[in-house]
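Visitor: I am new to this structure and would like a close look at a single part of it. Please take one residue as the starting point and work outward from there, explaining each term as it comes up.

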Amino acid sequence: MKILIIDDSGGTREWIYNELVSLGFDGADIDQADNGATAIRKISADAYDLFLVDLVMPGIDGVRVVKEIKDRRPQA
């Protein structure tokens, strides 16, 4: 399962990553984006199964990212 963590806080992304790994997810299958624009680029380039999205981010917010996910990867 490929997972994308989208959050503008590096500490939060790291915490989520560590929690997922401790639950048994393969760290190599967990990707991260530090803002909405980066997330949209990654979503366009790769197929993810699960997205963990911070809704409040500067620039492109999480609500817009979720809309892009639904448009580009409706099966996620």
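Guide: Let us start from M57, which lies in the loop between β3 and α3; helices (H or I, at least four residues) and strands (E, at least two) are DSSP runs, numbered from the N terminus. The model is a predicted one, in which local features need pLDDT of at least 70 and side-chain atom pairs count only at pLDDT 80 or more, while totals for chains, interfaces and linings use all residues. Residues are numbered from 1 along each chain as its sequence is written, and side-chain values use heavy atoms, with hydrogens and water left out.

With a relative accessibility of 7%, M57 counts as buried, a word that stands for under 20% relative accessible area, with exposed meaning over 50% and partly exposed in between (1.4 Å probe, protein chains only). Leaving aside neighbours within four places in sequence, M57 is in contact with I6, D7, D8, N35, G36, G62 and V65, where contact means heavy atoms within 4.5 Å. One of these partners, G36, is 21 residues away from M57 in sequence, yet their C-alpha atoms are 7.3 Å apart in space.

Another partner, D8, sits in the loop between β1 and α1 and is partly exposed, with a relative accessible area of 39%. Neighbours within four places in sequence again left aside, D8 is in contact with R13, D34, D54, V56, M57 and P58. The C-alpha atoms of D8 and V56 are separated by 8.6 Å, although the two residues are 48 apart along the chain.

M57 also belongs to the largest nonpolar core, whose ten residues are L4, I6, A33, A39, I43, Y48, F51, M57, V65 and I69; a nonpolar core is a set of buried Ala, Val, Leu, Ile, Met, Phe, Trp, Tyr and Cys residues joined through side-chain atoms within 4.5 Å. At least two residues of this core come from each of β1 (3-6), α2 (36-45) and α3 (62-72). Apart from it lies another core, of five residues, with I5, I16, L20 and I30 among them.

From here we can follow G36 into α2, where G36, T38, A39, I40 and I43 are buried. The cover over the buried residues of α2 includes β1, β2 (30-33), β3 (50-53) and α3. At the start of α2, a side-chain oxygen of N35, which is itself a contact of M57, comes to within 3.1 Å of the backbone nitrogen of A37.

The last step is the pairing of α2 with α3. Two packed helices are described by the angle between their axes and the distance between the axes. Here α2 and α3 pack at an angle of about 10°, with their axes 10 Å apart; axes are lines fitted to C-alpha atoms, for helices over the stretch in contact, and angles run from 0 to 180 degrees between N-to-C directions. The two helices α2 and α3 are therefore roughly parallel to each other, since angles under 35 degrees count as roughly parallel, over 145 as roughly antiparallel, 65 to 115 as roughly perpendicular and the rest as oblique. On the α2 side, G36, A39, I40, I43 and S44 meet V65, E68, I69 and R72 of α3, and V65 brings us back to M57, with which V65 is in contact.

Note on methods. Polar contact = N/O pair within 3.5 Å; in protein donor to acceptor, adjacent residues only side chain to side chain.
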